[in-house]
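Colleague: I should be grateful for a guided reading of a model that is new to me. Please take the features in turn.

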Amino acid sequence: TEIQGLERLYRRTRKKSPDRPQLVRRLAEAYVELESAATRDKTEAEIAIQDARRKKRRHPKARAKAAKATKIMKVARRNAIRYYTIMKKDYPNYSKIDEILYYLAYEYEQAGNFKMARKVYYELIQNAPKSPYIPNAYLAFGELFFQEAMGDPSKWALAAQAYEEVTKYPPPKNKAYGYARYKLGYVHWN
């Protein structure tokens with residue numbers, strides 16, 4: 001209901017309206033919230049399916065719920081990406097463009113579009129070098145390269161380099177610091 005109201009308001013609001021950037025951002029965030037709720041529903045349904053299997057029963061309602069939640073999750077993610085992209089393109093001088101870029105990249109990553117995720121994380125690093133999201137962007141690079149390194153050992157050096165960049169930003173502001181140090185050790189172990 002909230003998203004429907006926001007969509008209506010978005011269609012009726014002039015492109016030059018000073019309220020439009022906040023409206024677009026709110027739409028993106030509403031779709032992220034819907035995606036999160038659908039992910040939770042999908043997980044609950046999958047747990048119910050597993051429980052039914054252990055008890056050697058069928059659970060068609062849980063399967064239907066999981067399928068429906070998966071569909072909602074994908075559509076919500078696609079719309080979140082759409083609205084974050086509108087923010088990025090139409091409002092490049094938005095005061096919190098670094099947040100927009102980070103969340104856009106994260107949504108691409110969640111969608112499995114790693115090429116676009118990398119591109120937007122890199123854009124964040126280039127366009128907002130003082131952003132508090134920079135360590136998280138480097139961490140995302142590290143995680144993406146780490147996953148690739150499992151199948152292509154030449155990527156270990158790139159993963160290490162990304163994790164080292166994270167550690168250049170000290171705690172407590174950098175919440176990813178400890179995790180990056182841990183993953184750096186894991187890279188060297190491999």
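Modeller: The following exchange treats aromatic pairs, charges over rings, the pocket, the core and two backbone features.

Colleague: What should be known about the model and its numbering?

Modeller: This is a predicted model, in which local features need pLDDT of at least 70, side-chain atom pairs count only at pLDDT 80 or more, and totals for chains, interfaces and linings use all residues. Residues are numbered from 1 along each chain as its sequence is written, and side-chain values use heavy atoms, with hydrogens and water left out.

Colleague: How is a pair of aromatic rings described?

Modeller: A pair of aromatic rings is described by the distance of the centres and the angle of the planes. Rings of Phe, Tyr and Trp (its six-membered ring) pair if their centres lie within 6.5 Å; planes under 30 degrees apart count as stacked, over 60 as edge-to-face and the rest as tilted. By this rule the count is 14 aromatic pairs. One of them, Y84 with Y103, is stacked, at 6.4 Å centre to centre and 25° between the planes.

Colleague: Where in the chain do Y84 and Y103 lie?

Modeller: Helices here are DSSP runs (H or I, at least four residues), numbered from the N terminus. Y84 belongs to helix α3 (residues 60–90) and Y103 to helix α4 (residues 97–110), so the pair links distant parts of the chain, 19 residues apart.

Colleague: Are Y84 and Y103 buried or exposed?

Modeller: Buried means under 20% relative accessible area, exposed over 50%, and partly exposed in between (1.4 Å probe, protein chains only). Y84 counts as buried, at 3% relative accessibility, whereas Y103 is partly exposed at 31%. Another pair, Y179 and Y182, is tilted, with 6.1 Å centre to centre and 40° between the planes. Y179 and Y182 are separated by about one helical turn because they are 3 residues apart in helix α8 (residues 177–189).

Colleague: Which residues form one aromatic cluster?

Modeller: Y84, Y102, Y103, Y121, Y133, F141 and F145 do.

Colleague: How does one recognise a charge over a ring?

Modeller: The NZ of Lys or CZ of Arg must be within 6 Å of the ring centre and within 35 degrees of the ring normal. R118 lies over the face of F145, 4.6 Å from the ring centre. K183 lies over the face of F146, at 3.8 Å from the ring centre.

Colleague: What lines the largest pocket?

Modeller: On a 1 Å grid over the protein atoms alone, a pocket is an open set of points where a 1.4 Å probe fits, with protein on both sides within 12 Å along at least five of seven lines; lining residues have an atom within 4 Å of a point. The lining consists of Y122, I125, Y138, F141, F145, L158, Q161, A162 and E165. Helices α5 (114–127), α6 (134–149) and α7 (156–166) each supply at least two lining residues, and the largest share, 4 residues, comes from α7.

Colleague: And how is the nonpolar core read?

Modeller: A nonpolar core is a set of buried Ala, Val, Leu, Ile, Met, Phe, Trp, Tyr and Cys residues joined through side-chain atoms within 4.5 Å. The largest has 51 residues, and Y83, Y121, L124 and Y163 have the most contacts inside it. The largest share of this core, 9 residues, comes from α6.

Colleague: Which backbone features deserve attention?

Modeller: The peptide bond from P171 to P172 is cis, with omega near 5°, and P172 is in the loop between α7 and α8. K56 has a positive phi of about 55° although it is not a glycine. K56 sits in the loop between α2 and α3 and is exposed, with a relative accessible area of 76%.
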